[in-house]
Amino acid sequence: MTTARPVVRNFVGADGVVLAADVWGEASRPAVVLLHGGGQTRHAWSRTGARLAALGWRVVAPDLRGHGDSGWSADGDYGLGLYADDVRALLAGLDGLGARPVLVGASLGGLSALLAAGEAPGAAVRALVLVDVAHRPDPRGFRRIAEFMRGAPEGFASVAEAVAATRAYLPQRSRPADSAGMRNNLRRRGDRWIWHWDPRMLDSFEDRMDPPGMAERLLSAGRRAAVPILLVRGQVSDVVREDIAEQFCDRVPGARRVDVAGAGHMVAGDRNDPFLDAIVPFLEDIG
């Protein structure tokens, strides 16, 4: 029987880094791997994971390296290629899979999934769901993310202060009933609360804005993956413009797009039920 509460498992990443993951569902079920965005943790997928498991999927949601309870890069390297290698290593460590998994990746997780599937050695996957990420971002939205992530280097005096900062950054999101969920993204340092990720990651993060050749590299990876791709765009996203999403789908065979009304860049967090309504038919269609 599938339960709403996940089991925590550890996997080994590309260079031995430990990746903590929430796992729902039975090993014999078709698998979906949920990869969160930069600055998030696996808990961003809590409602999505429980719902997909209830619908009969085995769901694995890891903390990416440098995030949450996973290990940090000893040398501070957080390049996209290393994240893609982590995805490949994670998939190799999944036991009892009856078929290739579907990768669902938001932002950084989506880029990692795309490269893992579309560049050698290509990970064997059934399909990709790219959540508000394409081959290039809108620089204005990308800078806004970076500014928010750099905005509290000394942390917060309380969880409530972190909640207030996040609400100001995400005004379209409905207010949570309590602040308990925010604790999953924070850790204590003395009498302060700081974000639960390695701050060195931001140096690599900002290098990804739109370096020469990156857009064509990602488009090429999408073509080489040769699997169905669903691009789920937040309708009010300031990171993936409508024209960029259309261009991605035009240039990558097998890619199609759906917009989630009222959602920004953090689609699943902003509008989880409509997000699920968008992806479940796609998952069911690919069997």
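Why is strand β2 (residues 18–24) largely enclosed by the rest of the structure? In this predicted model, six of the seven residues of β2 are buried, each with under 20% relative accessible area, and the strand is therefore largely enclosed by what surrounds it.

The pairing of β2 can be followed strand by strand. With strand β1, which covers residues 7–12, β2 pairs in the antiparallel sense over six bridges, and within this pairing N10 stands opposite A20 of β2. The hairpin that β1 and β2 form has five residues between the strands, and in it G16 takes a positive phi near 90 degrees. Strand β4, made up of residues 58–62, also pairs with β2 in the antiparallel sense, here over four bridges, and the bridge partner of A21 in β4 is P62.

From the strands, the reader may turn to the nonpolar interior. In soluble globular proteins, nonpolar side chains tend to be buried together. The largest nonpolar core in this model has 67 residues, and those with the most contacts inside it are L128 and F248. Helix α3, which runs over residues 108–118, gives the largest share of this core, namely seven residues. When residues up to four places away in sequence are not counted, F248 touches L114, L130, A134, H135, L219, I229, L231 and A255. A second core, separate from that one, has 28 residues, and V32, V102, F275 and L276 are among them.

Key: Residues numbered from 1 in each chain as written. Predicted model: local features only at pLDDT ≥ 70, side-chain atom pairs only at ≥ 80, totals over all residues. Heavy atoms only, no water. Buried < 20%, exposed > 50% of the residue type's maximum accessible area, 1.4 Å probe, protein only. Helix = DSSP H or I, 4+ residues; strand = E, 2+ residues; numbered from the N terminus. Pairing = 2+ DSSP bridges. Core = buried A, V, L, I, M, F, W, Y, C linked by side-chain atoms within 4.5 Å. Contact = heavy atoms within 4.5 Å.
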